[in-house]
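Hi,

Here is the structure I promised to send over. Have a look at it first, and then read on for what turned up.

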Amino acid sequence: METGSGADAGAEAGSAAGAGAGGPQAAGTVKAGAEPEWTGLPSGLLRMRRLLLVVWLVPLTVAAGLLPGLLAGPGWAAFALLPFALLLWAWSMLGRNWRSWRYAERADDLLISRGVLWREETIVPYGRMQLVEVTSGPVERRFGLASVQLHTAAAASDARIPGLLPPEAERLRDRLTELGEARSAGL
């Protein structure tokens, strides 16, 4: 799937990745000069982040309403509106952030694009990769997700792709390792 740039492209790529129930996405190499084939992140990452938001802010909203309401009077229970408004705002921001994440495998490098207000696009040449890790913390494992961490010679250029399905993360790790070894052998 070819997409343009911007939030709409991220939304299309994100929804395409979220639509798959299993297996790897159709992210392949692209000929020089062609638009890269972007792959978005699975919708499980958005569900996980929104659940964490609710777990933290709903008790805060209840406490902000109950404590002042019981101690100072019912009018003070309006303080619960502040964390509730924060919950609503953060809910939509998490969706926008999730749609902005995407990656593309090209012939010589990996592109990672993210960001809503400040767009950031990282290009990691295969020949510069030193280590490719697949990690999955306890919350990620609960949601069936894993992250791919790319390490290069320059510490500032390390890149990460969060919230992938484990088979896609492993496929990406194996492919990047294979391409990295092939490119570094040719240097």
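Asp-174 counts as partly exposed, because its relative accessibility is 44%, between the 20% and 50% cut-offs. Its side chain meets that of Arg-173 in a salt bridge, with 3.2 Å from N to O. Arg-173 is partly exposed too, at a relative accessible area of 28%. Separately, salt bridges with shared partners tie Glu-105, Glu-168, Arg-171 and Arg-175 into one network. Keep in mind throughout that this is a predicted model.

That network is worth a closer look, starting with Glu-105. Is Glu-105 buried or exposed? Glu-105 is buried, as its relative accessible area is 0%. The Glu-105 side chain forms a salt bridge with Arg-175, at 2.5 Å between N and O. This pair connects distant parts of the chain, since Glu-105 sits in strand β2 and Arg-175 in helix α5, 70 residues apart. Glu-105 also forms a salt bridge with Arg-171, where the closest N and O atoms are 2.7 Å apart. Here again the link spans distant parts of the chain: Arg-171 belongs to helix α5, and 66 residues separate it from Glu-105 in strand β2. Both arginines come out as partly exposed, Arg-171 with a relative accessible area of 22% and Arg-175 with 22%. As a general point, side chains of opposite charge can pair when their charged atoms come close. Searching the whole structure gives six salt bridges.

Now the overall layout. The chain has five helices and seven strands, and reading along the sequence you get α-β-α-α-β-β-β-β-α-β-β-α. Of its 187 residues, 37% are buried. Among contacts with a separation of 6 or more, 51% are between residues 24 or more positions apart. The accessible surface of the chain is about 10400 Å², and carbon and sulfur atoms account for 63% of that.

On the sheet side, four strands make an open sheet in the order β1-β2-β3-β4, with antiparallel pairing. Which strands sit at the edges? They are β1 (39–40) and β4 (120–125), each of which pairs on one side only. Strand β2 covers residues 102–105 and is joined to β3 by four bridges, the two running antiparallel. If you want a register check while you have the model open, Arg-102 stands opposite Ser-113 in β3.

Then the core. The largest nonpolar core contains 24 residues, and those with the most contacts inside it are Leu-110, Ile-112, Met-129, Leu-150, Ile-161, Leu-164 and Leu-176. Two or more residues each come from α2 (43–72), β3 (109–114), β5 (129–135), β6 (146–152), β7 and α5 (166–185). Helix α5 gives the most, with four residues. In soluble globular proteins, nonpolar side chains tend to be buried together.

Two of those core residues make good places to zoom in:

- Ile-161 lies in strand β7, residues 159–164. At 1% relative accessibility, Ile-161 counts as buried, because that is under 20%. Beyond its neighbours within four places in sequence, Ile-161 is in contact with residues including Leu-41, Trp-101, Tyr-103, Leu-110, Ile-112, Val-148 and Leu-172. The C-alpha atoms of Ile-161 and Leu-150 are 8.5 Å apart, with the two positions 11 residues apart along the chain.
- Leu-110, again leaving aside neighbours within four places in sequence, is in contact with Tyr-103, Glu-105, Val-124, Met-129, Leu-150, Ile-161 and Leu-176, among others.

So you meet Glu-105 from the salt-bridge network once more, as a contact of Leu-110.

Last, the surface. Val-58, Val-62, Leu-66, Leu-67, Leu-70 and Leu-71 make a nonpolar surface patch of about 630 Å². One of them, Leu-70, lies in helix α2. Leu-70 counts as exposed because its relative accessible area is 70%, over the 50% cut-off. Helix α2 also appears in the list of elements that give two or more residues to the core.

Cheers

Note on methods
Residues numbered from 1 in each chain as written. Predicted model: local features only at pLDDT ≥ 70, side-chain atom pairs only at ≥ 80, totals over all residues. Heavy atoms only, no water. Buried < 20%, exposed > 50% of the residue type's maximum accessible area, 1.4 Å probe, protein only. Contact = heavy atoms within 4.5 Å. Core = buried A, V, L, I, M, F, W, Y, C linked by side-chain atoms within 4.5 Å. Patch = residues over 30% accessible without salt bridge, like charges linked within 9 Å, V, L, I, M, F, W, Y side chains within 5 Å. Areas by Shrake-Rupley, 256 points an atom, 1.4 Å probe, with all protein chains shown as cover. Salt bridge = Lys/Arg side-chain N within 4 Å of Asp/Glu carboxyl O. Pairing = 2+ DSSP bridges.
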